[in-house]
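Welcome, and please take a moment to look over the sequence and the 3D view shown here. We will walk through a few places together, one step at a time.

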Amino acid sequence: MNLPDLPPPSGPPVAGVPAPPGGAGRWQRQSPRMLLLTPVRTLGSFAVPLVLAVLGVRRGRDEDPWWLLVVVAGAALAVVFGVVSWAVTRYRFTDEQVQLRSGVLSRRVTTAPLDRVRSVDIEAPPLHRVLGLAKVKVGTGVDATRLELDGVSAAQATDLRTYLLARSRVAGGDGEGAPAPVDAPGRGGTSYLGPAQPETELARIDWGWLRYAPFSLSSLVVVAGVFGVLAQFGDELPIDQIDVAQDAWRWVVAQALLALVGAVVLVVVVGWVVVSTVTYVLTWWNLRVVREGRGNLRITRGLLTTHSQTVERAKVRGALMGEPFLLRLVRGAELSAIATGVGTGGRTRVLPPAPRSVVVQVGHELLEEHGPLTMAMVGHGPRARRRIHVRHQWGTLLVTGALAVPTYLLQDLWVLGRLPDWGPPGLLVVLGLVNALVAESAWRNLGHGLTDRHLVVQTGTFMRTREVLERAGIIGWRIEQGFFQRRLGLADLMATTAAGSEVLTAPDIPLDLAVQLAGRATPGMLDDFLV
């Protein structure tokens, strides 16, 4: 089916904006090399049902080659699907939109307004890299979905990124207000559409940071998942047929329980270190964080699958420094950028687990202000401390009730009779002390601050986070008080914004201090509230 092209745009081209790759108004196809890639990708998605079908056929007909026919039929269907998908997928650029037409059984047209482009990501999985292709993902900030132009060449992907970001700046200003003139400078004094300045490298991967990889709890979750899978399907594995495995298991069983527990702990720790290290290398290989000549932030990384994410400077509204408990022990931290309509939940990872000094330095360069990540926080006072301690002791009360009821009703139970008299009370005392330490840590980590350009909020216990939001990005305030908060004169102060999770909350802050902070951060916005 031939799709009509649009007439070329009338009038002179926009100053500072290159022409769209392939021309404006004309429907364009994916690279013909996608005819090789799409069947392989389709076979990969059908791998599980195809293997099950082959096993089913071979079990019923051991001597007939029906399973080979199933494989050939699956490969043929994948090739047909790849050719049809390539034939029906097209995209074009109009004066106001980028349009993508796709779908085999269900046709659909996806559009992205050029004046709402927030980020342009270039991704190249291994098969794409072999064929010299890439994916271009266009984020508009409207929702979590992004328009994806797959099957473009690497050079064309770079041209698309340059065009889309430049066109967005001219058409929509900073994306949150009135259009900006062509020579409007960025917040750092960089002209977005004027002559490009030399790019500035903010950070580059240092493999000395690899020592921080095992202190990420996400790797421990992966190791636990692997152990769960082995526990679920371990009986199906032919391990009992391996002599070395049999001898090792007999030795382990013959040892004391303490040795068995130690062996399990050792395996978990080694697996944790290996998985975290490999994941770190695959994810952050060749990391570079660059501020481009026109102020945009570009992050490139990846070993097998390369990622290149570009965010317009006007969309970056802050930063988040995360310090998990284990990373704090070795003076490490992580860094994410808070932006409008990009990343996961409006956050884009900038640095992996790295030395805290490096994270602070890069964060301040990203924020273009020194101090938000190192300044002393203003605490929320003794009333907030009391509320946090009481809230954390609810767990102790629940455990007390859970132990008291069966102890009273089942006094003659053999298990309870074997426990010493101080057992249950001692357990409750230990639990209460642990909850008290956790609550004290949460209170000490709680605070807020205000600089010339940013609002800073710090929260967390095991995962301490310091979130920095640009004051110019605050579009409203919300103050909420629960029943117990009203009795203590506390409140949750929430700054609403178009970036990140769309709200920055300072919890359990005294009400009068909350009103003062909001008034200082955005002068004039709360005048009617204060009357």
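What follows is a short tour of a strand, its neighbours, some charged side chains and a patch of surface. Please keep in mind that this is a predicted model.

Let us begin with strand β5, which covers residues 119–124. Is this strand buried or exposed? Six of its six residues are buried, so β5 is largely enclosed by the rest of the structure. In a regular strand, side chains alternate between the two faces of the sheet. You can follow this in β5: Ser-119, Asp-121 and Glu-123 point one way, while Val-120, Ile-122 and Ala-124 point the other way.

Which strands pair with β5? One is β6 (residues 133–139), which runs antiparallel to β5 and is joined to it by five bridges. Another is β11 (residues 306–311), also antiparallel, with six bridges to β5. Asp-121 is a handy landmark for seeing both pairings. In β6 its bridge partner is Lys-137, and in β11 it stands opposite Gln-309.

Now step back along the chain to Arg-118, which sits in the loop between β4 (108–113) and β5. Arg-118 has a relative accessibility of 1%, so it counts as buried. Its C-alpha atom is 5.0 Å from that of Thr-140, although the two residues are 22 residues apart along the chain.

Next come the salt bridges, of which the model has 20. A good one to start with joins the side chains of Glu-201 and Arg-288, with an N to O distance of 2.9 Å. Glu-201 belongs to strand β8 (residues 200–204) and Arg-288 to strand β9 (residues 288–291), so this pair ties together parts that are 87 residues apart in sequence. Both partners are partly exposed: Glu-201 has a relative accessibility of 37%, and Arg-288 has 21%. They also belong to a network of salt bridges that links Glu-199, Glu-201, Arg-204, Arg-288, Glu-292 and Arg-298.

Elsewhere, Glu-312 forms a salt bridge with Lys-315, and their closest N and O atoms are 2.8 Å apart. Here both Glu-312 and Lys-315 are buried. A further salt bridge, at 2.8 Å from N to O, brings together the side chains of Asp-508 and Arg-387. Asp-508 lies in strand β20 (residues 503–510) and Arg-387 in helix α11 (residues 381–409), so the pair ties together parts that are 121 residues apart in sequence. Asp-508 is buried, with a relative accessible area of 4%.

What about a charged residue without such a partner? Look at Arg-466, in strand β17 (residues 463–470). Arg-466 is buried yet has no salt bridge. The nearest side chain of opposite charge belongs to Glu-323, 6.0 Å away, whereas a salt bridge needs the nitrogen and oxygen within 4 Å. There is still a polar atom of the Arg-466 side chain 3.2 Å from the backbone oxygen of Pro-372.

Finally, let us move to the surface. Leu-266, Val-270, Val-274, Val-278, Leu-282 and Leu-304 make a nonpolar surface patch of about 510 Å². Val-270 is a good place to look: this residue is found in helix α8 (residues 257–284), and it is partly exposed, with a relative accessible area of 44%.

Terms used:
Residues numbered from 1 in each chain as written. Predicted model: local features only at pLDDT ≥ 70, side-chain atom pairs only at ≥ 80, totals over all residues. Heavy atoms only, no water. Patch = residues over 30% accessible without salt bridge, like charges linked within 9 Å, V, L, I, M, F, W, Y side chains within 5 Å. Areas by Shrake-Rupley, 256 points an atom, 1.4 Å probe, with all protein chains shown as cover. Helix = DSSP H or I, 4+ residues; strand = E, 2+ residues; numbered from the N terminus. Buried < 20%, exposed > 50% of the residue type's maximum accessible area, 1.4 Å probe, protein only. Pairing = 2+ DSSP bridges. Lys, Arg positive; Asp, Glu negative; His and termini not counted. Polar contact = N/O pair within 3.5 Å; in protein donor to acceptor, adjacent residues only side chain to side chain.
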